[in-house]
Structures are given as structure tokens and as C-alpha cells.
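Welcome, and thanks for taking a look at this model with us. Please have your viewer ready before reading on.

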Amino acid sequence: MDILEEIKHAKMGDKNSFIKVIRNYEKYFYKVSKSILDKDEDCADAIQDTILNCYKNISSLKKAEYFKAWFTKSLINNSYKILKNNKKILPLSVVNEPSSTCKDYEIIELKEAINFLDESLRYIIHLYYFDDFSIKKISKLLKIPEGTVKSRLSRARLKILSRLKINKEDTYYEKRLSR
């Protein structure tokens, strides 16, 4: 049985189909949560909470082909919730050691710059660059016009560049076609 059929069965209450669907996407879900959270334990918590929420609410899923996007949106929300709670409990005396390579340092700086964005801009950056969603898919998922997605992407890029203190003229954005 293909994955869409499994999702349809899961919507009808088949627990085993839901498990198969989750197992099919588990590596992808881990990557999504890991792009936001540093600790594996936090990723596991975010995924577990999302699985539970989505299992309870799978009947609200309108189309089976939107399962991955629907689950991903919930997972991103749960990951940010955990990230926000973790920021509250970290002692001020905790200091990160400098990264061993320049590339690692740049990745950390980029993640920090993304984390300083407003929530609506962060979602779109993650969906577009990390989850490889098209502008059209993001528009449908968030129920906003495509033009709004494009302007938020542009605004987010400028804020990231500003945070990283990079001149706009020195950058190149990969041009992507809507899928």
C-alpha cells in the first residue's frame, strides 16, 4: 500500500497505518526538529508531542497529500515552544565553546540570526530553505497570498543579512522556481 493510502486509513482510525506513516517520515521529522533544536532529547520530545497531537487530530486533515506539511507545521511549532522554554531555564553562566572550524561557526551564526527573526518570518525561512517547500506550497499551508510569502522571504533575508552584518551587494540568493 502506498503512503497516501496509509494516510487515508489513518484518518479513518487505523492505528497501524498511522504508525507506518510516521515511520515513513521519521528521518525527515528528525531533520526538521534538529534544524531548530540542538539536543536529541528535545527533538524526541518535539516529535513525540507532535505525533500525539496529530494522532488526536488527524480527522481534521483535509487531504491526505497535505499530511507531511500539516505534521511539519505542528512539529515546527512544538520545536519552537521547546526552544522558547529552554531559553528560560538556561543559566547565564553557560557559555558555548568556540567552534572548531570556521564553517561550524558560520552555521551557528546563521541559526542564531534565524532565531532572532519574528515567528512568521522564521516559519517561512524554515519551510523554504530547510524543508524545500515551494512558495506556492507555503502559501497554501499558511493560507496567505504568494506575494506575502515572497515579501516575508525578502524581509527575512534582509534581517538575516543585517544581523550577520553582510552587505546586500555581496550576496547571491539561489533563484528558485515555484513548483
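What follows is a short walk through the fold, one pocket and two residues.

Keep in mind that this is a predicted model.

**The chain as a whole**

The protein chain is built with eight helices and zero strands, so its pattern along the sequence reads α-α-α-α-α-α-α-α. Of its 179 residues, 35% count as buried. Looking at contacts between residues at least 6 apart in sequence, you will find that 64% of them join residues at least 24 apart. The accessible surface of the chain amounts to about 12,100 Å², and carbon and sulfur atoms account for 53% of that area.

**The second largest pocket**

If you like to look for empty space, the second largest pocket is a good stop. Its volume is about 600 Å³, and 23 residues line it. Which residues lie nearest the centre of this pocket? They are Tyr66, Ala69, Trp70, Lys140 and Leu141. Three helices, α1 (3–11), α4 and α7 (135–142), each supply at least two residues of the lining. Helix α4 gives the largest share, with five residues. By chemical class, the lining holds twelve nonpolar residues and ten charged ones, along with one polar residue.

**Two residues to click on**

Helix α4 spans residues 67–89 and contains Ser79, so α4 both carries this serine and contributes to the pocket lining described above. Is Ser79 buried or exposed? Ser79 is buried, because its relative accessible area of 0% falls under the 20% cut-off. Leaving aside residues up to four places away in sequence, Ser79 touches Ser33, Ile36, Leu37 and Ala46.

Asn24 offers another view, this time from helix α2, which covers residues 15–34. Asn24 is partly exposed, because its relative accessible area of 47% lies between the 20% and 50% limits. Asn24 and Ile3 are 21 residues apart along the chain, and their C-alpha atoms are separated by 8.0 Å. Ile3 belongs to the range given for α1 (3–11), a helix that also supplies at least two residues of the lining of the second largest pocket.

Here are the two residues side by side.

| Residue | Helix | Relative accessible area |
|---|---|---|
| Ser79 | α4 (residues 67–89) | 0%, buried |
| Asn24 | α2 (residues 15–34) | 47%, partly exposed |

Definitions and conventions: Residues are numbered from 1 along each chain as its sequence is written. This is a predicted model: local features need pLDDT of at least 70, side-chain atom pairs count only at pLDDT 80 or more; totals for chains, interfaces and linings use all residues. Side-chain values use heavy atoms; hydrogens and water are left out. Helices (H or I, at least four residues) and strands (E, at least two) are DSSP runs, numbered from the N terminus. Buried means under 20% relative accessible area, exposed over 50%, partly exposed in between (1.4 Å probe, protein chains only). Contact means heavy atoms within 4.5 Å. Accessible areas come from the Shrake-Rupley method with a 1.4 Å probe; for residues, only the protein chains shown count as cover. On a 1 Å grid over the protein atoms alone, a cavity is a set of points where a 1.4 Å probe fits but cannot get out, and a pocket is an open set with protein on both sides within 12 Å along at least five of seven lines; lining residues have an atom within 4 Å of a point. Grid points are joined across faces, edges and corners, and a volume is the space filled by probe spheres set on the points. Ala, Val, Leu, Ile, Met, Phe, Trp, Tyr, Cys and Pro count as nonpolar, Asp, Glu, Lys and Arg as charged, and the others, Gly among them, as polar.
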